[in-house]
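Please walk through this structure with me, one hairpin, sheet and core at a time.

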Amino acid sequence: GGSGISPNTMPALGVNGTVLVGGGSLATNPLVTLDFNIGITDANSFTKIACRTENISMIAIKSDGSLWYFMIPGTTYSSWGTADSTWRRYGLDNDWTDISGESNCWSAVKGGDLMFVGYASTRMRGDGSTSSTSSWVVTNSALTWVATSLGYRIQAAVTSTGEAYFCGYNYDYMTGQGTQSGSNATLTREQFSLTGCTDVAAGSYRHCKILKDGNIYSQGRNSYNMSGPLITSTSDINGPTLSYSGGDIAKIFPGNNYGYM
């Protein structure tokens, strides 16, 4: 009103400052405080954590071997827990040792048994069944398992005796069975019967890696040189084939479309 609003002089170039552009009050929502929309803070210390790719859902293991989970409402195949965006413990057992997540499913190692829950039509359960499940089921207790890794239509797992097994679709040789066609719903040892395997890492791009004696073996699609320094071709790898021989790798993580870590 009155004589209106006169602009203030802008600060000189390179000078920081505040310019008043109006004499009135700025309408704000008093509910928007510093912690607006931030949920309850949980004090949890995890040793392993795994995520699913299609929504916000996670499972984790604590140092005492307990399994914990966080799932938003509407998470598929989640009737085994409470999907309310809260970290909760699952059951009372303390023998969970490894976990992995992929779109619509989880895998885990519990007391040496291989476990699975979720969508199974993509042959990732490993026990020969393609039936999806909303509750954790034991898919293999005949062998003692130490590691599991889910990827795009593939599960990889390692036994306590250092053997690597795979199930799922054989795209681009990613399951190590010497074929690019068909699928296998039952966990099957890779074609070269490696020993001394300690870890596996399935990927989202039809590729999988095996950690053996500190070295890396690769199999599957290699369009973006995901294998390592010993494989220079970008052709599909009918492996497992040695791709890094430094002997000093302790852990390998699931890859994405363009690389591994």
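Start at a turn. In this predicted model, two residues separate strands S5 and S6 in their hairpin, and Asn-104 there takes a positive phi near 70°. Strand S5 covers residues 96-102 and pairs with S6 in the antiparallel sense, over six bridges. Glu-102 stands opposite Cys-105 of S6.

Now follow S6 itself, residues 105-110. How many of its six residues are buried? Six of the six are, and the strand is mostly covered. In a regular strand, side chains alternate between the two faces of the sheet. In S6, Cys-105, Ser-107 and Val-109 point one way. Trp-106, Ala-108 and Lys-110 point the other way. Both sets are buried, Lys-110 included.

At the far end of S6 comes another hairpin. S6 and strand S7, residues 113-118, pair in the antiparallel sense over six bridges. Ser-107 has Phe-116 in S7 as its bridge partner. The hairpin of S6 and S7 has two residues between the strands, and Gly-111 takes a positive phi near 60°.

Phe-116 leads on to Thr-139. Thr-139 sits in strand S8, residues 133-140. Is Thr-139 buried or exposed? Its relative accessibility is 9%, under the 20% limit, so Thr-139 counts as buried. Beyond its neighbours within four places in sequence, Thr-139 is in contact with Leu-114, Met-115 and Phe-116, and also with Arg-125 and Asp-127.

Step back to the whole chain. The chain has 16 strands and zero helices. Of its 261 residues, 43% count as buried. Take the contacts with a separation of 6 or more: 46% of them join residues 24 or more positions apart. The accessible surface comes to about 13,300 Å², and carbon and sulfur atoms account for 52% of that area.

Next, the sheets. One is an open sheet of four strands, ordered S1-S2-S3-S4 and paired antiparallel. Its edge strands are S1 (46-51) and S4 (88-90), each pairing on one side only. From one strand to the next, the twist averages 30°. Inside this sheet, S2 (residues 57-62) and S3 (residues 67-71) run antiparallel and are joined by five bridges. Met-58 has Phe-70 in S3 as its bridge partner.

Another open sheet has four strands in the order S13-S14-S15-S16, again with antiparallel pairing. Strand S13 (197-202) and strand S16 (237-244) each have a single partner strand, so one side of each lacks a neighbour in the sheet. Neighbouring strands here are turned by 20° against each other on average, direction ignored. Strand S14 (residues 207-212) pairs with strand S15 (residues 215-220) in the antiparallel sense over six bridges. Within that pair, Cys-208 has Gln-219 of S15 as its bridge partner.

Cys-208 also belongs to the largest nonpolar core. In soluble globular proteins, nonpolar side chains tend to be buried together. This core has 16 residues. Ile-154, Ala-164, Phe-166, Cys-197, Val-200, Cys-208 and Ile-210 touch the most other members. Which strands each supply at least two residues of this core? They are S10 (154-159), S11 (164-169), S13 and S14.

Val-200 shows how these parts meet. Leaving aside neighbours within four places in sequence, Val-200 is in contact with Ser-149, Ala-156, Ala-157, Val-158 and Ala-164, and with Lys-209, Ile-210 and Ile-252. Apart from the largest core lies another, of 14 residues. Its members include Ala-50, Ile-61, Ile-99 and Val-117.

Finish with the cysteines. A disulfide is a covalent bond between the sulfur atoms of two cysteines. How many disulfides does a search of the whole structure find? The search finds zero. Why does Cys-105 have no such bond? The closest cysteine sulfur, in Cys-167, is 9.9 Å from the sulfur of Cys-105, too far for a bond. Cys-105 is buried, with a relative accessible area of 1%. Cys-197, one of the core residues named above, is buried too, with a relative accessible area of 4%.

How values were computed
Residues are numbered from 1 along each chain as its sequence is written. This is a predicted model: local features need pLDDT of at least 70, side-chain atom pairs count only at pLDDT 80 or more; totals for chains, interfaces and linings use all residues. Side-chain values use heavy atoms; hydrogens and water are left out. Two strands pair if DSSP finds at least two bridges between them. Axes are lines fitted to C-alpha atoms, for helices over the stretch in contact, and angles run from 0 to 180 degrees between N-to-C directions. Buried means under 20% relative accessible area, exposed over 50%, partly exposed in between (1.4 Å probe, protein chains only). Contact means heavy atoms within 4.5 Å. Accessible areas come from the Shrake-Rupley method with a 1.4 Å probe; for residues, only the protein chains shown count as cover. A nonpolar core is a set of buried Ala, Val, Leu, Ile, Met, Phe, Trp, Tyr and Cys residues joined through side-chain atoms within 4.5 Å. A disulfide is a pair of cysteine sulfur atoms within 2.5 Å.
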